[in-house]
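Q: Could you take me on a close look at one part of this model, the loop that joins two neighbouring strands and whatever packs around it? A connected walk-through would be great, with the overall layout up front.

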Amino acid sequence: MRQHKREMGATALLLVLALAYPGIAAAHGTTSGEDDPCIRQVGERVVHFNAYQPQYQVKEQYCTDIPNTGETFLVVDLVDPVLRNEPVGMRIVKGNGSKESAEQLVADIRPSTHPDGVLRSEVRLDEGLYTVTIATEKQNLMKRPQYLLRVQMTDYQKLVQTLAIPLFGMLLVAWLGYKLLRSTWLRNWLTVLRS
(Lines give C-alpha, C1' and ligand atoms only; values in the text may rest on other atoms or scores of the structure.)
Protein backbone atom coordinates (compact mmCIF):
# COMPACT_ATOMS: atom_id res chain seq x y z
CA MET A 1 0.00 0.00 0.00
CA ARG A 2 2.67 2.51 1.02
CA GLN A 3 4.89 1.40 -1.84
CA HIS A 4 2.04 2.03 -4.27
CA LYS A 5 1.44 5.51 -2.81
CA ARG A 6 5.14 6.33 -3.15
CA GLU A 7 5.14 5.20 -6.77
CA MET A 8 2.05 7.30 -7.50
CA GLY A 9 3.62 10.29 -5.75
CA ALA A 10 6.87 9.90 -7.67
CA THR A 11 4.98 9.65 -10.96
CA ALA A 12 2.96 12.76 -10.13
CA LEU A 13 6.14 14.63 -9.18
CA LEU A 14 7.81 13.66 -12.46
CA LEU A 15 4.74 14.81 -14.37
CA VAL A 16 4.74 18.18 -12.62
CA LEU A 17 8.49 18.62 -13.20
CA ALA A 18 8.16 17.69 -16.88
CA LEU A 19 5.37 20.23 -17.31
CA ALA A 20 7.15 22.92 -15.28
CA TYR A 21 10.55 22.47 -16.91
CA PRO A 22 10.06 21.12 -20.43
CA GLY A 23 13.72 21.79 -21.21
CA ILE A 24 14.72 18.94 -18.88
CA ALA A 25 12.90 16.41 -21.03
CA ALA A 26 13.90 18.01 -24.32
CA ALA A 27 16.99 17.10 -26.29
CA HIS A 28 20.09 19.17 -25.59
CA GLY A 29 21.96 21.21 -28.13
CA THR A 30 21.84 24.58 -29.82
CA THR A 31 18.87 25.81 -31.77
CA SER A 32 18.91 25.17 -35.47
CA GLY A 33 19.13 28.03 -37.90
CA GLU A 34 15.43 27.84 -38.66
CA ASP A 35 14.50 28.11 -34.96
CA ASP A 36 17.02 30.84 -34.08
CA PRO A 37 15.14 34.13 -33.47
CA CYS A 38 18.35 36.08 -34.11
CA ILE A 39 18.58 35.07 -37.79
CA ARG A 40 16.97 37.25 -40.47
CA GLN A 41 16.87 37.18 -44.24
CA VAL A 42 18.28 40.13 -46.20
CA GLY A 43 16.71 39.36 -49.55
CA GLU A 44 18.19 35.95 -50.28
CA ARG A 45 21.06 36.44 -47.80
CA VAL A 46 21.23 35.64 -44.07
CA VAL A 47 22.37 37.78 -41.12
CA HIS A 48 22.64 36.93 -37.41
CA PHE A 49 22.20 39.56 -34.68
CA ASN A 50 23.50 39.57 -31.09
CA ALA A 51 23.69 42.14 -28.32
CA TYR A 52 26.26 42.04 -25.50
CA GLN A 53 26.55 43.85 -22.19
CA PRO A 54 29.94 42.73 -20.81
CA GLN A 55 29.71 45.12 -17.86
CA TYR A 56 26.93 42.86 -16.47
CA GLN A 57 27.54 39.42 -17.99
CA VAL A 58 30.80 38.82 -19.82
CA LYS A 59 29.73 35.85 -21.97
CA GLU A 60 25.97 36.32 -22.16
CA GLN A 61 24.48 37.24 -25.54
CA TYR A 62 20.99 38.50 -26.23
CA CYS A 63 18.80 38.79 -29.26
CA THR A 64 15.56 40.59 -28.53
CA ASP A 65 15.28 40.73 -24.72
CA ILE A 66 18.09 42.74 -23.13
CA PRO A 67 17.89 42.59 -19.31
CA ASN A 68 19.76 45.81 -18.39
CA THR A 69 20.09 49.38 -19.55
CA GLY A 70 23.44 50.92 -20.42
CA GLU A 71 26.22 50.47 -22.93
CA THR A 72 25.36 47.67 -25.33
CA PHE A 73 27.43 46.15 -28.11
CA LEU A 74 25.34 45.31 -31.17
CA VAL A 75 26.89 42.78 -33.52
CA VAL A 76 25.57 41.63 -36.89
CA ASP A 77 27.28 38.59 -38.38
CA LEU A 78 27.05 38.66 -42.15
CA VAL A 79 26.66 34.91 -42.52
CA ASP A 80 26.52 34.98 -46.30
CA PRO A 81 29.99 35.80 -47.75
CA VAL A 82 28.38 37.82 -50.57
CA LEU A 83 27.17 40.40 -48.02
CA ARG A 84 30.77 41.07 -46.97
CA ASN A 85 31.40 42.80 -50.29
CA GLU A 86 28.16 44.81 -50.28
CA PRO A 87 27.68 48.01 -48.27
CA VAL A 88 25.62 47.04 -45.19
CA GLY A 89 24.41 49.47 -42.53
CA MET A 90 22.39 49.46 -39.33
CA ARG A 91 19.92 51.93 -37.83
CA ILE A 92 18.75 51.88 -34.20
CA VAL A 93 15.55 53.77 -33.43
CA LYS A 94 13.78 54.13 -30.07
CA GLY A 95 10.27 52.72 -30.34
CA ASN A 96 8.79 50.07 -32.55
CA GLY A 97 9.94 51.81 -35.74
CA SER A 98 6.51 52.99 -36.84
CA LYS A 99 7.19 56.71 -36.26
CA GLU A 100 10.80 57.44 -37.17
CA SER A 101 11.92 60.95 -36.34
CA ALA A 102 15.21 62.66 -35.58
CA GLU A 103 14.53 62.61 -31.82
CA GLN A 104 14.04 58.83 -31.81
CA LEU A 105 17.19 57.98 -33.76
CA VAL A 106 19.75 56.36 -31.41
CA ALA A 107 22.43 55.41 -33.96
CA ASP A 108 22.81 55.31 -37.72
CA ILE A 109 25.71 53.26 -39.01
CA ARG A 110 26.06 54.20 -42.66
CA PRO A 111 26.36 51.34 -45.14
CA SER A 112 29.92 50.21 -45.78
CA THR A 113 31.66 46.96 -46.67
CA HIS A 114 32.71 44.59 -43.90
CA PRO A 115 35.43 42.19 -45.15
CA ASP A 116 35.60 40.44 -41.78
CA GLY A 117 31.85 39.70 -41.97
CA VAL A 118 30.95 41.62 -38.81
CA LEU A 119 29.00 44.88 -38.50
CA ARG A 120 29.35 46.28 -34.98
CA SER A 121 28.25 49.25 -32.98
CA GLU A 122 28.21 50.35 -29.35
CA VAL A 123 25.13 52.25 -28.17
CA ARG A 124 23.61 53.34 -24.89
CA LEU A 125 20.16 51.85 -24.43
CA ASP A 126 17.67 53.08 -21.84
CA GLU A 127 14.59 51.15 -20.75
CA GLY A 128 12.08 50.67 -23.55
CA LEU A 129 11.55 49.34 -27.05
CA TYR A 130 14.08 49.77 -29.85
CA THR A 131 14.03 48.76 -33.49
CA VAL A 132 17.25 47.69 -35.18
CA THR A 133 17.08 47.75 -38.97
CA ILE A 134 19.79 46.20 -41.12
CA ALA A 135 19.97 47.24 -44.76
CA THR A 136 22.11 47.01 -47.86
CA GLU A 137 22.17 49.67 -50.56
CA LYS A 138 20.83 47.21 -53.14
CA GLN A 139 17.95 45.94 -51.04
CA ASN A 140 14.28 46.82 -51.38
CA LEU A 141 13.17 48.94 -48.38
CA MET A 142 10.21 46.64 -47.67
CA LYS A 143 12.45 43.60 -47.21
CA ARG A 144 14.77 45.03 -44.57
CA PRO A 145 15.25 42.73 -41.59
CA GLN A 146 14.29 44.24 -38.27
CA TYR A 147 14.84 43.26 -34.66
CA LEU A 148 12.59 44.59 -31.92
CA LEU A 149 14.68 44.94 -28.75
CA ARG A 150 13.04 45.01 -25.34
CA VAL A 151 15.45 46.64 -22.89
CA GLN A 152 14.84 45.98 -19.18
CA MET A 153 11.16 45.26 -19.79
CA THR A 154 9.01 42.45 -18.45
CA ASP A 155 7.76 40.14 -21.16
CA TYR A 156 4.35 39.30 -19.76
CA GLN A 157 3.68 36.64 -22.40
CA LYS A 158 6.74 34.66 -21.32
CA LEU A 159 5.90 35.26 -17.66
CA VAL A 160 2.38 33.89 -18.11
CA GLN A 161 3.73 30.88 -20.03
CA THR A 162 6.32 30.23 -17.33
CA LEU A 163 3.71 30.32 -14.57
CA ALA A 164 0.76 28.78 -16.42
CA ILE A 165 2.40 25.47 -17.35
CA PRO A 166 3.47 24.50 -13.80
CA LEU A 167 0.16 25.73 -12.38
CA PHE A 168 -1.77 23.71 -14.94
CA GLY A 169 0.40 20.66 -14.17
CA MET A 170 -0.23 20.96 -10.42
CA LEU A 171 -3.97 21.41 -10.96
CA LEU A 172 -4.04 18.39 -13.25
CA VAL A 173 -2.20 16.24 -10.71
CA ALA A 174 -4.47 17.47 -7.91
CA TRP A 175 -7.58 16.72 -9.98
CA LEU A 176 -6.28 13.25 -10.92
CA GLY A 177 -5.44 12.56 -7.27
CA TYR A 178 -8.90 13.69 -6.18
CA LYS A 179 -10.55 11.49 -8.81
CA LEU A 180 -8.37 8.55 -7.79
CA LEU A 181 -9.15 8.96 -4.09
CA ARG A 182 -12.87 9.17 -4.83
CA SER A 183 -12.87 6.16 -7.18
CA THR A 184 -14.61 2.93 -6.21
CA TRP A 185 -11.71 1.00 -7.71
CA LEU A 186 -9.32 2.41 -5.08
CA ARG A 187 -11.81 1.76 -2.28
CA ASN A 188 -12.25 -1.85 -3.41
CA TRP A 189 -8.49 -2.30 -3.73
CA LEU A 190 -7.90 -0.87 -0.22
CA THR A 191 -10.62 -3.18 1.16
CA VAL A 192 -8.90 -6.20 -0.40
CA LEU A 193 -5.53 -5.14 1.04
CA ARG A 194 -6.96 -4.75 4.55
CA SER A 195 -8.57 -8.19 4.55
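A: Read from start to end, the chain runs α-α-β-β-β-β-β-β-β-β-β-β-α-α. That gives four helices and 10 strands, where helices (H or I, at least four residues) and strands (E, at least two) are DSSP runs numbered from the N terminus. Bear in mind that this is a predicted model, so to speak of a local feature takes pLDDT of at least 70 and a side-chain atom pair counts only at pLDDT 80 or more, while totals for chains, interfaces and linings use all residues. Numbering starts from 1 along each chain as its sequence is written, and side-chain values use heavy atoms, with hydrogens and water left out.

A few overall figures before we zoom in. Of the 195 residues in the protein, 28% are buried; buried is under 20% relative accessible area, exposed is over 50%, and partly exposed is in between (1.4 Å probe, protein chains only). The protein exposes about 13,200 Å², with carbon and sulfur atoms supplying 58% of that; the areas come from the Shrake-Rupley method with a 1.4 Å probe, and for residues only the protein chains shown count as cover. Among contacts (heavy atoms within 4.5 Å) between residues at least 6 apart in sequence, 63% join residues at least 24 apart.

Now to the loop between strand S5 (70–78) and strand S6 (88–94), which is where Leu83 sits. Leu83 counts as buried because its relative accessibility is 1%. Setting aside neighbours within four places in sequence, Leu83 is in contact with Arg45, Val46, Val47, Leu78, Val88 and Thr136. Take Arg45 from that list: it is 38 residues from Leu83 along the chain, yet their C-alpha atoms are separated by 7.3 Å.

Glu86 belongs to the loop between S5 and S6 as well. With a relative accessibility of 13%, Glu86 counts as buried. Beyond its neighbours within four places in sequence, Glu86 is in contact with Ser112, Thr113, Thr136 and Lys138. Thr136, then, turns up as a contact of Leu83 and of Glu86.

His114 comes at this region from another loop, the one between strand S7 (105–112) and strand S8 (118–125). His114 is buried too, at 10% relative accessibility. Leaving out residues up to four places away in sequence, it touches Leu78, Arg84, Val88 and Leu119. Leu78 and Val88 are also on the contact list of Leu83. The His114 side chain makes polar contacts, meaning pairs of N or O atoms within 3.5 Å; within protein, one must be able to donate a hydrogen and the other to accept it, and residues adjacent in sequence count only if both atoms are side-chain atoms. One goes to the backbone oxygen of Val88 at 3.1 Å, and another to the backbone oxygen of Ser112 at 3.0 Å.

Elsewhere in the chain, a search of the whole structure finds one disulfide, defined as a pair of cysteine sulfur atoms within 2.5 Å. It joins Cys38 to Cys63, S to S 2.4 Å. The two are 25 residues apart, with Cys38 in the loop between helix H2 (22–25) and strand S1 (39–42) and Cys63 in the loop between strand S3 (61–62) and strand S4 (65–66). Cys38 is buried at 8%, and Cys63 is buried at 10%.
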